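Hi,

Here is the structure I promised to send you. Have a look at it first, and then read my notes below.

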Amino acid sequence: MPTREQLLEALAQQTDIKGKRDLAKVFGIRGDMRRPFKAMLAELEGEGVITRTRKALRRTAALPHVTVLDIPTDADPDDLHAYPAQWNEEEGEKPRVSVLGGRDARVAPAPGDRILARIDAGDAEVPVYTAKAMKILDKPRRGQIGIVRMDDDGARLIPVDRKQKEMRIPQGDLLDAADGDLVEVEVKLSGRLMIPRAKVTAVIGNPMSEGAVSLIAIHNLEIPYRFPQSVIRAAEEAREATLKGREDWRDVPLITIDPADAKDHDDAVYAQPDTDPANPDGHIVTVAIADVAAYVQPGSVLDREAYVRGNSVYFPDRVVPMLPEGISNELCSLKQGVPRAALAVRMIFGADGRKRSHSFHRILMRSAAKLSYQQAQSAIDGHPDDQTGPLLDTILRPLYAAYAAMSKARDHRGPLDLDLPERKIVLDAKGMVSDIRVPERLDAHRLIEEMMIAANVAAAETLEQKKTVLLYRVHDEPSSEKLQALRDFLGSLDIAVKKSDSVRAADFNGILAQSRKAGNVEQVSEMVLRSQAQAEYSAENYGHFGLNLDRYAHFTSPIRRYADLIVHRALIAALNLGSDGLSESEMLHLPGIAQHISATERRAMRAERETADRLLAQFLATKIGARFEGRISGVTRSGLFVRLFETGADGFIPASTLGKDFYRYVEERQSMIGERTGEKFTLGDRVTVRLLEAAPVAGALRFELLSEGERVNPSSVRRTKKRPSKSYGPKGRKKR
């Protein structure tokens with residue numbers, strides 16, 4: 001039998017261990033050894049030393065060496081404790097951290113503060129965390145937010161978060177809030193019974209007014225959206241980079257191709273035929289990225305704020321940037337005709353699209369043109385305008401020729417081909433939804449995407465070759481549980497899937513190709529998407545499954561992603577391109593940085609999704625009783641989720657309203673099937689629904705199903721030992 005220490009060492013060092021079986025093989029566990037071996041694992045898991053997630057059995061995640069902590073408002077001032085501000089719930093409960101203080105402490109935090117702290121985990125197997133506060137952050141932990149509803153006794157606060165309860169707001173504590181206003185409050189306890197009451201500290205505005213909808217998500221998820229004065233001042237004091245220490249590329253006709261409404265331009269491209277006889281019909285592709293590292297130095301106030309934010313967050317009505325506009329929209333925006341500092345990669349491709357070599361350069365460039373995707377595509381399609389006409393033969397056609405070659409290599413590589421439409425919400429001047437569009441997917445989009453992927457791969461390859469630490473962008477292969485669920489579902493559609501747990505992106509592409517022929521690609525695409533793991537950042541490499549790449553790093557957007565800034569600094573240090581490269585402290589703490597920015601990315605995605613849901617619910621609130629066409633996008637024991645074709649809005653149909661039959665949830669078929677009638681509703685089915693209720697603040701819709709389902713033999717419903725009880729969400733509303 002292995003010792004506890006040997007088990008932990010194996011989990012830490014052997015990244016291919018995915019579960020108990022793999023671990024048992026490592027130590028040759030068999031026969032009578034299995035029971036005590038499982039008991040040892042259970043003991044370690046019970047103590048919190050190891051944890052199991054959808055990906056693997058592994059050592060419990062550790063807090064970063066430096067991280068942001070929240071001190072609860074009810075903490076004992078003489079014995080402070082805190083919890084990480086960002087934490088992945090899949091890792092288990094948030095760890096409790098004791099905050100050290102004393103007379104000699106340079107920073108003295110208090111209950112309710114948010115702090116930047118240095119963490120010590122101790123020497124025990126189970127970490128015992130203590131923290132020394134480095135700084136009390138300018139933006140303290142937000143108060144609760146909700147909607148004011150006036151009544152005869154003053155007002156009530158209806159929380160945005162459904163887990164929180166309504167509270168009274170005394171008349172004198174309303175500030176200037178009016179009925180229907182979204183407000184931020186502090187909670188105060190009053191009377192002998194310590195009844196919670198709310199006091200308005202800020203009026204955010206009416207949720208129906210301009211810009212207030214995204215503020216709900218910003219406040220709810222504690223996204224920092226106001227820059228401290230020290231950060232704004234640092235951005236204002238920054239000066240343009242000069243040619244010193246850089247190659248002069250101002251005559252290279254790099255161009256930017258972005259959305260028409262883009263306010264910053266952080267990447268530029270240029271391509272030309274390779275004249276080397278050894279590379280016939282080859283191409284030289286240059287990708288230049290704004291040199292954010294020149295302005296955001298490790299440990300500076302700009303750097304600390306960018307780390308806390310982790311990334312920019314994009315809403316239909318606003319952007320919450322990672323860096324102040326003086327940096328993102330000015331000094332680091334590759335504006336046409338203006339000298340700008342950049343980090344460039346020059347890549348040589350063969351006629352087959354395979355990269356033969358690459359090199360990185362720290363440069364001073366000058367963008368030759370600022371184009372939109374539509375402009376570039378229109379010119380290539382034979383409709384150039386006054387700006388693109390002179391660029392057509394010298395710049396645009398060579399770019400598209402290089403992309404055509406790169407596409408061959410991409411098709412041979414076989415990345416996951418899930419082409420799901422993304423809707424764009426268009427707002428009017430008042431912040432209300434005026435239109436919902438599915439932007440056309442152009443070759444211009446694919447061209448930029450492919451060149452950025454190539455640049456990201458080059459960054460990862462260079463850092464590996466230099467044997468330096470690296471922040472990877474990783475995407476794990478699907479878990480065995482999700483693969484089995486997918487196999488069960490595809491089996492009900494008579495689509496065969498190989499039994500092995502070792503799958504490649506090409507296997508999913510084959511499944512999607514079969515489903516296109518069978519006419520059920522929407523159903524299958526939804527399930528394939530659900531089977532995928534979530535991409536994240538990691539200091540350890542386990543590849544990018546979706547792109548089918550062995551190594552991948554984010555290099556191309558340092559204005560809006562902290563991960564890319566770290567990769568830029570790593571390249572600067574590894575290639576001796578300046579003194580502002582990755583610091584020793586950052587090198588040591590990359591695992592913690594990866595964990596933190598993965599959490600801020602998930603937070604941003606959730607905020608963007610919740611805001612879209614609220615805007616769509618607001619848009620549809622005037623259409624109660626209207627009929628809509630849609631598709632079943634989710635099946636649970638509680639009921640059906642339906643996504644509308646026209647708007648992409650999601651709503652819920654409680655199981656209790658489906659019909660007169662009892663509908664049983666059949667997980668392997670992703671269906672609800674009537675026990676008596678055999679009426680079946682399955683993921684991906686087209687349906688007609690009527691809108692019964694819209695709750696804009698919650699971002700929820702409730703539908704009535706008008707369509708009839710397909711009839712199957714009721715005996716096909718899988719019987720279980722215990723009949724599951726009907727479970728419905730509150731008032732049938734969509735659970736978020």
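**Three strands and a helix**

Strand S26 (residues 627-636) pairs with S27 in the antiparallel sense, and six bridges hold that pairing. Before you go further, keep in mind that this is a predicted model.

Let's stay with the strands for a bit. S26 leads into S27 through a hairpin of two residues. If you want a spot to click on, try Gly634, which stands opposite Phe641 in S27.

S27 also pairs with strand S28 (residues 650-654): these two run antiparallel and are joined by five bridges. Here Leu640 is the one to find, as it stands opposite Ile653 in S28. The hairpin between S27 and S28 has five residues, and Gly648 in that turn has a positive phi of about 80°.

So how much of S27 is buried? Five of the six residues in this strand (residues 639-644) are, so S27 is largely enclosed by the rest of the structure.

Now for the helix, H11 (residues 480-492). With 13 residues at 1.5 Å a residue, H11 should span 18 Å, and its end C-alpha atoms are 19 Å apart, which agrees.

Which residues of H11 are buried? They are Leu483, Leu486, Arg487, Phe489 and Leu490. Because they cover an arc of only 170° around the axis, they sit on the same side of H11. As for what they pack against, the buried residues of H11 meet helix H12 (505-518), helix H13 (521-531) and strand S31 (679-682).

One last stop: just after H11, you'll find Asp494 with a positive phi of about 60°.

Cheers

Terms used:
Residues numbered from 1 in each chain as written. Predicted model: local features only at pLDDT ≥ 70, side-chain atom pairs only at ≥ 80, totals over all residues. Heavy atoms only, no water. Helix = DSSP H or I, 4+ residues; strand = E, 2+ residues; numbered from the N terminus. Expected span 1.5 Å × (residues − 1). Buried < 20%, exposed > 50% of the residue type's maximum accessible area, 1.4 Å probe, protein only. Arc of directions from axis to C-beta. Contact = heavy atoms within 4.5 Å. Pairing = 2+ DSSP bridges.
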